[in-house]
Each structure stands twice: as C-alpha cells, then as structure tokens.
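Visitor: I would like to understand how the descriptive words used for a structure follow from its computed values. Could you take me through them step by step?

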Amino acid sequence: MDEEKLQKFVEAYLKKKGLKLTEHALQEELQQSTNTTTSSPVSQFDPDVVRQILAFSESVLSLSPRLPSCLGFEDGPARYQDGYAKLRSWTYSSLDLYRHELLRVLYPVFIHCFMDLVAKGHIQEARTFFNSFREDHEMMHLRDLQKLEGVLSPSHLEEMEFAHSLRQSKVNIKICQYSYELLLQFLHKSQSTTMLGIINEHINFQVSPGQPSSITDDAEAVTLIGGSQESANQINQKEIHWGLLEDSLEERLEKAGGMALDSEKAEGETKEGEGDENKKKSIEGGKQGASIKKQKKDKAVSATVKSARPEATTVPTAPRVKPELTLPVIPTEVEQSILEDLRNRVQLSSAALPSVSFYTFINTHNGLNCSSISHDGSLVAGGFSDSSLKVWDMAKIGQQSVGSILQGENGTASSEQVAGSNGGKRPYTLFQGHSGPVYSATFNPLGDFILSSSADSTIRLWSTNLNANLVCYKGHNYPVWDVQFSPVGHYFASASHDRTARIWSMDRIQPLRIMAGHLSDVDCVQWHSNCNYIATGSSDKTVRLWDVQSGECVRIFIGHRSMILSLAMSPDGRYMASGDEDGSIMMWDLSSGRCVTPLMGHTSCVWTLAFSGEGSLLASGSADCTVKLWDVTASTKLPKAEEKSGSASRLRSLKTLPTKCTPVYSLRFSRRNLLFAAGVLSKTV
C-alpha cells in the first residue's frame with residue numbers, strides 16, 4: 001500500500017513536468033513487475049525509512065519550480081558527492097554520545113555510493129568521490145578499499161566477487177533508538193533521497209532502546225555476510241555437541257582423582273620475576289650451548305614440581321559425546337606417558353601464571369614463514385621460503401659447535417648430506433620435497449610425524465624417526481595456507497587459497513571431506529577438542545564451524561573487521577578464540593554462536609593463540625613482539641551488572657611478556673602447562 005502511494009506521487013510529478021515518455025516507461029515497468037512478482041517487496045525494507053521517503057515525497061510535490069535542482073535529478077552524479085558530504089559533515093559534528101554509533105553508517109553508504117556511480121557509468125566522478133573520502137575509512141577497511149580501487153567499469157562489479165557480494169548483501173548495524181531517530185530526522189530535513197535510498201536498500205538497523213552502547217562493546221556492531229542475517233541465524237540454530245569424548249584420557253584421570261592431589265606434594269613457585277632471563281631460549285648454540293641445555297633441564301624439572309595455588313579454580317566437568325570419526329588406538333606405553341604428564345599438570349590461574357620457554361630463530365634472512373612446536377617442546381620446526389622444512393631437536397642443540405650453528409642457520413649447507421644425516425655438521429634435520437614456500441607445519445601428538453603445507457598446493461607427511469617424506473597429498477588447487485593435526489592424530493585438516501578446507505586421514509591420499517562456503521581465502525583451521533568439528537578462519541572476516549561427519553556448516557561467527565589469522569579451542573570444547581589482522585581477539589561461545597567478549601591489547605596481527613591445559617588462561621602471540629596472557633575464567637562468569645556496563649576489561653589481560661624484537665609465530669602449552677613460544681629475531685631495532 002505504501003509502495004502504491006509512492007508510485008502515485010512519482011507519476012503526479014512526471015505529469016506535472018510533462019515528461020510523457022518517462023511516465024509511459026515507468027508504467028510499463030510497473031506492469032511487468034506486477035506480472036512477475038506476486039509478493040510485495042516492501043517487507044524487505046525498513047518501514048521507518050519507507051515512511052520518511054513517503055513524507056519527503058509529499059513535501060516535494062508542494063515545492064516551487066526549483067524542485068529538480070533541489071532533488072538533484074538534473075545534477076546526475078553530483079547528488080552522490082553532495083549527499084554523502086552533508087551526511088559526513090553532520091555525523092562528525094554530532095554529539096559525542098551518539099557520534100560513534102552514527103559513524104557506523106558512513107562506510108556502507110560510502111562504498112555503495114561509489115559502486116552506484118560506477119554502475120551508472122560515471123567512472124571519473126566515481127574515482128573523484130572515492131579519492132575524496134577514502135581517508136576516513138583506511139584505518140578500519142584498508143583491504144576492502146584496495147580491492148574496490150580496482151573497480152573501473154560496470155562489468156567489474158559483476159566480475160569481482162567481493163564487489164558483487166557487497167551489492168547483494170545487507171549491512172547489519174546496531175544502533176540505539178535516539179541515534180536512529182536523529183539519523184532519520186536529518187535525512188528528512190536535508191531532503192536527501194539518494195542517501196535515503198542507499199540506506200534503505202543496503203542497511204538493516206538493529207535498533208535497541210535507551211542510550212548508546214559503550215564504544216568498546218561493539219564486537220557485532222557492524223556486520224556483513226553473503227546473505228541475509230536470517231540465513232546466518234538459521235545456521236546458528238543447528239544443534240552442536242561441544243563436550244569431550246567419552247572414555248578420553250582426561251576423563252579417566254578425573255575418575256581416578258589424581259590430577260588435583262599430586263600438585264600438593266611439591267613446593268610452589270611463587271616468584272613471578274625469578275629467572276626471567278631463563279624463560280627465553282635462543283637457537284644460537286656455541287658459547288651458550290651448555291647453559292641452554294641446563295636451562296632446559298631446569299624447566300623440565302620445574303614443570304613437574306610446580307604446584308597449584310590453593311585458590312586455583314577447577315573447570316566444571318564438560319558433557320561427554322561420542323566420536324563421529326574412527327579414532328586411532330593409542331599404544332599402552334604412550335598412554336601411560338600422557339597420563340603421567342596429566343597427573344603432573346600445573347594448575348594455572350590468574351594467581352599462578354605459567355613458565356615460558358621461548359625459542360628464537362636467528363639469521364633466517366626473512367626466509368622463515370612459519371614455526372611449530374611439538375607437544376612436549378622437544379622438537380621445533382620451521383617452514384622456509386626456499387621450500388625447505390627444518391626440524392631442530394632441543395636435546396641435541398647444545399652439542400653443536402659455533403661454526404656448524406652459524407653455517408646451518410645461514411643456509412649454506414648445500415654440499416652437506418641430505419635430511420637424515422647424523423654427522424653433526426648442522427643442528428637441524430632438513431626436509432626437502434616441496435616446490436614452493438612452506439606456509440604451515442604441524443606435529444602429531446606423539447611427535448613422530450610432521451605435516452607441512454606449501455604454495456605448491458600440496459601437503460607432505462614426514463617421519464621424524466626415519467627423516468623421510470612418506471606421502472604427498474594432492475587435492476587443493478592453490479596454495480595451502482594452514483594444516484593442523486587432530487588432537488588424536490591420524491586425521492588432519494587443511495585450509496587453502498581455493499576458499500575450501502579439507503579433512504584428510506594419513507592412510508588416504510584423497511580428502512575425506514571438502515568444506516566450501518567461505519567467500520575468500522581460508523587462512524587458518526583448528527580442530528575441536530572432541531574431533532567432531534573443525535573451525536576455519538577466512539579473509540572474508542568470518543569464522544565457520546563445520547561438522548566433520550556431514551561436512552555442513554553449523555555455525556557462522558560474525559564480528560571481526562579484518563582477516564582471521566589464528567584460532568584456538570578451549571580444552572572443554574565450549575569456547576573458541578580467534579585473532580585477526582588488526583590485533584583483535586574474540587572469544588566465542590560455540591553453543592550460542594555469540595561473542596562472549598572482544599580482547600583488545602595487541603597493536604598488530606595476532607598470529608597464534610593457545611589455551612592452557614585446564615582452560616583457565618589464553619595466551620596470544622602477535623607481530624607486535626609480545627605474548628599476552630588473558631584470564632578466561634573471569635571473562636565467562638561476569639555478573640550481569642558488569643556485563644551491562646560494557647566494561648573494557650571483560651577478559652582481563654593478566655600479563656604482557658615483551659620480547660626484545662621477536663614477532664611471535666607460534667605458541668603451545670605442553671601437557672604439563674609449560675608455555676612454549678617461537679619467533680624470529682627481527683633486525684628493525
């Protein structure tokens with residue numbers, strides 16, 4: 001009914017101006033649309049915005065002959081420039097209380113003004129508009145702007161999937177009632193139908209009553225997905241089982257009740273500052289060889305004797321689920337070794353922080369792309385741009401001479417024997433086989449196998465016992481950015497530039513499942529604790545959770561503002577952490593699909609995340625050369641009063657551990673809760 005009124009107003013205006021051809025074309029188009037469409041499209045638009053357009057149309061018909069210039073009908077592309085400039089000026093001059101909410105509207109309006117100009121063939125005007133206002137959005141949306149900068153013709157809008165998805169989807173913006181009414185009032189008074197039309201077509205407001213939310217509490221304030229919000233909500237309604245596996249080693253230990261009791265036998269380490277220099281390991285050898293070996297032995301002893309503080313809280317028992325995959329059989333001696341580690345696990349909390357052992361790569365000449373640490377910290381692997389994979393044995397690293405260490409690190413060992421030599425000529429085992437840079441490496445839980453993925457679109461399985469390549473897995477069509485072993489070994493998952501994630505098993509050369517759905521590169525992958533799900537992080541700024549058995553997407557996590565680079569699952573399987581390129585970390589509740597809290601503190605890319613063994617702490621490593629420790633327990637059990645206040649420190653940062661000048665590539669908690677970290681020394685001091 002509202003649409004019919006609007007059509008009548010438009011027809012009345014066309015008659016008044018004597019535009020018969022335009023009136024005739026409009027009537028034909030309306031007749032065709034009524035024949036092909038049975039349902040009214042009005043329901044897709046915001047009713048408040050529609051009412052503002054109708055009210056504006058009524059006032060327009062009573063205006064003087066200056067109407068066309070007022071509307072911008074004859075100004076063509078100028079109405080986009082003028083309309084956006086007015087909206088921008090008004091937004092920045094708004095009250096501080098409402099400004100941060102109103103600013104959320106500018107970016108989607110900006111990109112759609114630009115794409116509308118391109119679609120209508122006003123290429124030069126579109127470039128001028130884009131360059132005039134792009135600085136406002138470069139800090140938050142630089143990658144998106146770099147992509148849109150290449151749109152130079154209407155055909156590009158259809159060919160470029162990113163631009164096409166933007167035009168097909170809606171932006172969801174959270175805004176309070178006051179800010180929403182202020183925005184509509186301004187659009188009505190300024191008589192800007194162009195801005196009204198863009199907002200009505202491409203923005204879906206989620207209006208909340210009362211005052212604006214806190215500026216820092218806006219993890220889901222602006223979201224965009226490749227479909228309607230309803231479809232994402234529908235996916236997130238699917239049931240998932242986030243508990244631990246039945247008859248797992250942890251469950252057996254809980255039944256035995258040995259985990260908490262053994263920690264009372266030894267003396268606790270209470271001095272946080274003691275031995276700070278010993279918490280950093282450097283792969284240097286030479287003069288420091290003996291001291292490094294001694295430090296490693298000290299750390300191994302301290303990991304076994306360090307006791308829990310009495311006030312350390314215990315994690316509630318997670319539900320038990322059945323495995324969807326056929327799990328491999330663990331040898332008895334290995335099982336006993338793991339149980340022994342779990343019995344001697346240090347109970348960490350906000351009052352009992354972990355010891356940290358840091359491995360530093362030196363003389364890599366910017367060639368190191370990734371690093372990985374085995375579960376017990378005894379092996380460290382590095383993937384390099386020269387297509388090689390190198391594995392260091394920490395037990396042997398102190399035995400090397402200065403000359404061999406430097407020779408090996410400088411990569412001048414071309415005349416030496418290939419991987420597997422034990423002649424002592426170099427401090428690492430060299431694995432060669434890839435034909436492109438190695439982007440990811442991962443050890444299996446026992447440390448006897450290592451996987452590597454490469455730009456050559458393959459994944460290779462290596463034996464650390466035989467020092468040989470066993471299998472080359474081919475399936476991806478483009479570079480494979482990440483590969484991760486499952487918590488039980490045997491199965492592994494990969495993430496690629498071809499926008500898919502794949503699940504494999506060691507005994508099959510073809511993938512078991514292919515997970516497709518992301519709109520851009522899948523940059524990282526992580527297994528759920530019970531092996532029934534995998535999580536994938538993508539350049540499309542979303543994280544998805546997939547069912548391993550069916551291959552279906554069961555959760556979409558929306559809230560990041562840049563590409564996701566790292567993922568971690570809590571040991572009980574209830575929470576997931578994700579880190580992005582901007583330095584933001586988000587903690588997600590898998591059952592609801594909602595963000596529990598955003599973590600702000602890093603100033604650059606978050607490359608790695610790791611939960612402690614009992615799940616009370618989260619460690620994050622970043623390109624800003626720091627490791628941060630976060631209190632998980634406090635964040636997930638907040639009182640409602642504090643939650644409503646939007647406190648910026650929802651997930652408290654317990655400690656920041658700065659390195660001298662070493663971006664952190666990888667983190668891993670051992671089974672005994674010793675934190676291992678690795679990075680490469682940067683020369684930008």
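**Reading the terms from the values**

Guide: In this predicted model, the strands β28, β29, β30 and β31, taken in that order, make up an open sheet whose pairing is antiparallel. Neighbouring strands of this sheet are turned against each other by 15° on average, with direction ignored.

Visitor: Why are β28 and β31 said to stand at the edges of the sheet?

Guide: β28 (606-611) and β31 each have a single partner strand, so one side of each is left without a neighbour in the sheet.

Visitor: How do you know that β30 and β31 pair?

Guide: Two strands pair if at least two bridges are found between them. Strand β30 (residues 626-631) and β31 are joined over five bridges, in the antiparallel sense, and therefore the requirement of at least two is met. Within this pairing, Thr-626 has Pro-658 in β31 as its bridge partner.

Visitor: What makes Pro-658 count as buried or exposed?

Guide: Pro-658 belongs to strand β31 (residues 653-658), and its relative accessibility is 62%. The term exposed applies over 50%, so Pro-658 counts as exposed. Pro-658 nevertheless touches Cys-625 and Thr-626, when residues up to four places away in sequence are not counted. Pro-658 and Val-627 are 31 residues apart in sequence, while their C-alpha atoms are 6.4 Å apart in space.

Visitor: Which strands are at the edges of the sheet with the order β16-β17-β18-β19?

Guide: That open sheet consists of four strands with antiparallel pairing, and its edge strands are β16 (480-485) and β19 (513-516), each of which pairs on one side only. The neighbouring strands here are turned by 20° against each other on average, direction ignored. Strand β18 (residues 500-505) pairs with β19 in the antiparallel sense over four bridges, and Arg-502 stands opposite Ile-514 in β19.

Visitor: What do β14 and β15 form together?

Guide: Strand β14 (residues 458-463) and strand β15 (residues 468-474) pair in the antiparallel sense over six bridges, and with four residues between them they form a hairpin. Ser-463 stands opposite Ala-468 in β15, and in the turn Asn-467 has a positive phi of about 55°.

Visitor: Which other residue has a positive phi although it is not a glycine?

Guide: His-365 has a positive phi of about 55° although it is not a glycine, and its place is in the loop between β7 (356-361) and β8 (368-373). With a relative accessibility of 58%, set against the limit of over 50%, His-365 counts as exposed. Gln-191 also has a positive phi, near 55°, and is a residue other than glycine.

Visitor: Why is Gln-191 called partly exposed, and why does Ser-192 count as buried?

Guide: Gln-191 is in the loop between α11 and α12, and Ser-192 lies in the loop between α11 (177-189) and α12 (193-202). Buried means under 20%, exposed over 50%, and partly exposed in between. Gln-191, at 24%, therefore counts as partly exposed, whereas Ser-192, at 11%, counts as buried. Ser-192 touches Gly-83 and Leu-187, not counting residues up to four places away in sequence.

Visitor: Why are α8 and α10 called roughly perpendicular to each other?

Guide: The axes of helix α8 (residues 138-148) and helix α10 (residues 161-168) come within 9 Å and cross at roughly 110°. Angles of 65 to 115 degrees count as roughly perpendicular, and therefore α8 and α10 are given that description. Asp-144, Lys-147 and Leu-148 in α8 meet Phe-162, Ala-163 and Leu-166 in α10. The residues of this contact divide into four nonpolar, no polar and two charged.

Visitor: How much of the chain is buried?

Guide: Of the 685 residues in the chain, buried residues make up 52%, and the secondary structure comes to 20 helices and 33 strands. The chain exposes about 31,500 Å², of which carbon and sulfur atoms supply 50%. Among the contacts in the chain with a separation of 6 or more, 59% are accounted for by residues 24 or more positions apart.

Conventions. Residues are numbered from 1 along each chain as its sequence is written. This is a predicted model: local features need pLDDT of at least 70, side-chain atom pairs count only at pLDDT 80 or more; totals for chains, interfaces and linings use all residues. Side-chain values use heavy atoms; hydrogens and water are left out. Axes are lines fitted to C-alpha atoms, for helices over the stretch in contact, and angles run from 0 to 180 degrees between N-to-C directions. Angles under 35 degrees count as roughly parallel, over 145 as roughly antiparallel, 65 to 115 as roughly perpendicular and the rest as oblique. Contact means heavy atoms within 4.5 Å. Ala, Val, Leu, Ile, Met, Phe, Trp, Tyr, Cys and Pro count as nonpolar, Asp, Glu, Lys and Arg as charged, and the others, Gly among them, as polar. Buried means under 20% relative accessible area, exposed over 50%, partly exposed in between (1.4 Å probe, protein chains only). Accessible areas come from the Shrake-Rupley method with a 1.4 Å probe; for residues, only the protein chains shown count as cover.
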